[in-house]
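The exercises below are meant to be worked through with the sequence and the coordinates at hand. Each task is followed by a solution that proceeds step by step.

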Amino acid sequence: MGMIPETYRRIVLANRPLTEPAETDFSLEVVPMPEPGPGQVLVRIIYLSLDPYMRGRMRDAASYAPPVGIGEVMTGGTVGEVVLSNHTEYKVGDIVEGRLGWQEFGIGDGPSMRKIDPILAPISTANGILGMPGMTAYCGFFEIGMPKVGETVVVSAASGAVGQVVGQLARMAGCRVVGIAGGPTKCAYVCDELGFDACIDYKATNDLGAALQDDCAEGIDVYFDNVGGPISDAVTLHLNTWARVILCGAISQYNAAEPGLAPRLPAFFVGRRVTMRGFIVSDFAAHFEPARRIMSRLVEQGRLKYREDIVDGLENAPRAFIGLLRGENFGKLQIRVASETG
């Protein structure tokens with residue numbers, strides 16, 4: 001890294017959209033470079049993760065995490081390089097993962113960051129398969145899904161950052177895996193590259209229930225739900241007795257002014273003893289390190305594949321994020337804020 005510039009760019013929240021965000025709801029600012037204080041580091045951000053949960057942070061509503069304030073930097077996971085350090089455990093040149101947001105440089109401290117070994121895997125994976133999405137997939141599937149050999153697992157948003165990992169883990173656990181994705185390209189990838197047993201293109205069918213009946217003739221034992229809405233309504237009607245539903249996300253509802261409620265099926269769920277549980281990845285923080293070790297080995301061995309969708313330039317983050325909520329991305333969406341070599 002050469003000289004540290006005097007200014008840097010960041011993207012802040014300008015408005016709170018009621019429905020689908022627009023690029024005008026974000027503002028690109030140029031501000032003076034901050035100085036790290038005692039126990040802090042200055043990080044040059046290389047990759048910014050874009051994730052569906054960010055839509056919820058744009059609402060001024062009670063949730064499991066506080067909203068982004070108007071004029072505040074948009075929240076987001078990042079991978080970057082330490083360029084100044086006042087922390088004994090971090091030196092200049094270290095690669096770190098943290099939540100520094102939509103900006104070119106950020107101030108981090110020890111507890112909020114972790115070092116990344118760039119030799120183990122590409123550093124972008126710290127935002128993806130070896131980061132929050134990967135931990136979401138691993139912990140949600142095994143801790144809540146409790147899969148058994150021979151069971152049928154359905155995964156919505158199957159080609160996305162979380163879904164692609166869930167399906168592969170389910171196959172390794174000896175399950176039959178059926179994905180749901182939008183478009184023939186994504187479905188072909190899920191089956192041909194990731195090894196799912198089948199994938200339903202929800203955009204190409206007028207009867208998702210019939211398609212599920214064809215591909216899940218013996219019913220569904222585990223449903224990993226990333227989308228909510230009508231797709232999940234259809235899946236629930238095919239759940240077996242003792243099925244487990246893992247509520248990870250509801251991207252189909254995030255732009256709705258008033259998100260819809262789940263189908264009213266109490267008698268159905270009672271009769272079939274269905275377990276439905278929502279979770280936040282941080283619920284399983286104690287499992288991250290052992291899970292990451294397992295996942296790292298699988299990635300290194302080529303047994304666990306992943307796809308990333310990299311968009312260049314911080315200024316393109318708003319447009320890419322809007323596309324994410326529309327399902328336009330293909331794989332784990334990230335912004336390459338700067339080159340890895342400085």
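**Exercise 1. The surroundings of helix α9**

Task: Establish which elements cover the buried residues of α9, and how many residues of this helix are buried.

Solution: In this predicted model, the cover over the buried residues of α9 includes β1 (7–13), β2 (26–32), β3 (40–49), α1 (54–57), β14 (308–312) and β15 (332–336). Taking buried to mean under 20% relative accessible area, one then goes along the helix, which spans residues 317–326, and finds that eight of its 10 residues are buried, so that α9 counts as mostly covered. The residues concerned are Ala317, Pro318, Ala320, Phe321, Ile322, Gly323, Leu324 and Leu325. As a last step, the backbone just after α9 may be inspected, where glycine 327 takes a positive phi of about 80°.

**Exercise 2. The open sheet and its helices**

Task: Determine the strand order of the open sheet of six strands, and then describe how β11 is placed within the structure.

Solution: Following the pairing from one strand to the next gives the order β10-β9-β8-β11-β12-β13, with parallel pairing. The strands that pair on one side only are β10 (198–201) and β13 (275–278), and these are therefore the edge strands under the pairing criterion of at least two bridges. From one strand to the next, the twist averages 15°.

The next step concerns the neighbours of β11. Strand β8 (residues 152–156) runs parallel to β11 (residues 220–225) and is joined to it by three bridges, with valine 153 having valine 222 of β11 as its bridge partner. Strand β12 (residues 239–247) also runs parallel to β11, and here the connection consists of five bridges; phenylalanine 224 stands opposite isoleucine 246 in β12. Because six of the six residues of β11 are buried, this strand is largely enclosed by the rest of the structure.

Finally, the helices that lie across the strands can be added. Helix α3 (residues 163–172) lies across β8, β9 (176–181) and β11, and its direction makes an angle of about 170° with β8. Helix α4 (residues 184–193) lies across β9 and β10, with an angle of about 170° to β10.

**Exercise 3. A pocket and a cavity**

Task: Find which element gives the most residues to the lining of the second largest pocket, and which residues line the largest cavity.

Solution: The second largest pocket holds about 280 Å³ of space. Its lining comprises 17 residues, and those closest to the centre of the pocket are Arg114, Leu120, Leu130, Arg292 and Ser296. Both β7 (114–116) and α8 (288–300) supply at least two lining residues, and it is α8 that gives the most, with six residues. Sorted by class, the lining of this pocket has seven nonpolar, two polar and eight charged residues.

Turning to enclosed space, one finds that the structure holds one cavity of 30 Å³ or more, and that the largest cavity contains about 50 Å³. The residues that line the largest cavity are Gly128, Ile129, Ala161, Gln164, Val165, Tyr306, Arg307, Glu308 and Lys332. By class, this cavity lining has four nonpolar, two polar and three charged residues.

Technical notes:
Residues numbered from 1 in each chain as written. Predicted model: local features only at pLDDT ≥ 70, side-chain atom pairs only at ≥ 80, totals over all residues. Heavy atoms only, no water. 1 Å grid on protein atoms, 1.4 Å probe; cavity = no way out; pocket = protein on both sides within 12 Å on 5 of 7 lines; lining within 4 Å. Points joined across faces, edges and corners; volume = space filled by probe spheres on them. Helix = DSSP H or I, 4+ residues; strand = E, 2+ residues; numbered from the N terminus. Nonpolar A, V, L, I, M, F, W, Y, C, P; charged D, E, K, R; others polar. Buried < 20%, exposed > 50% of the residue type's maximum accessible area, 1.4 Å probe, protein only. Contact = heavy atoms within 4.5 Å. Axes fitted to C-alpha atoms, helices over the stretch in contact; angles between N-to-C directions.
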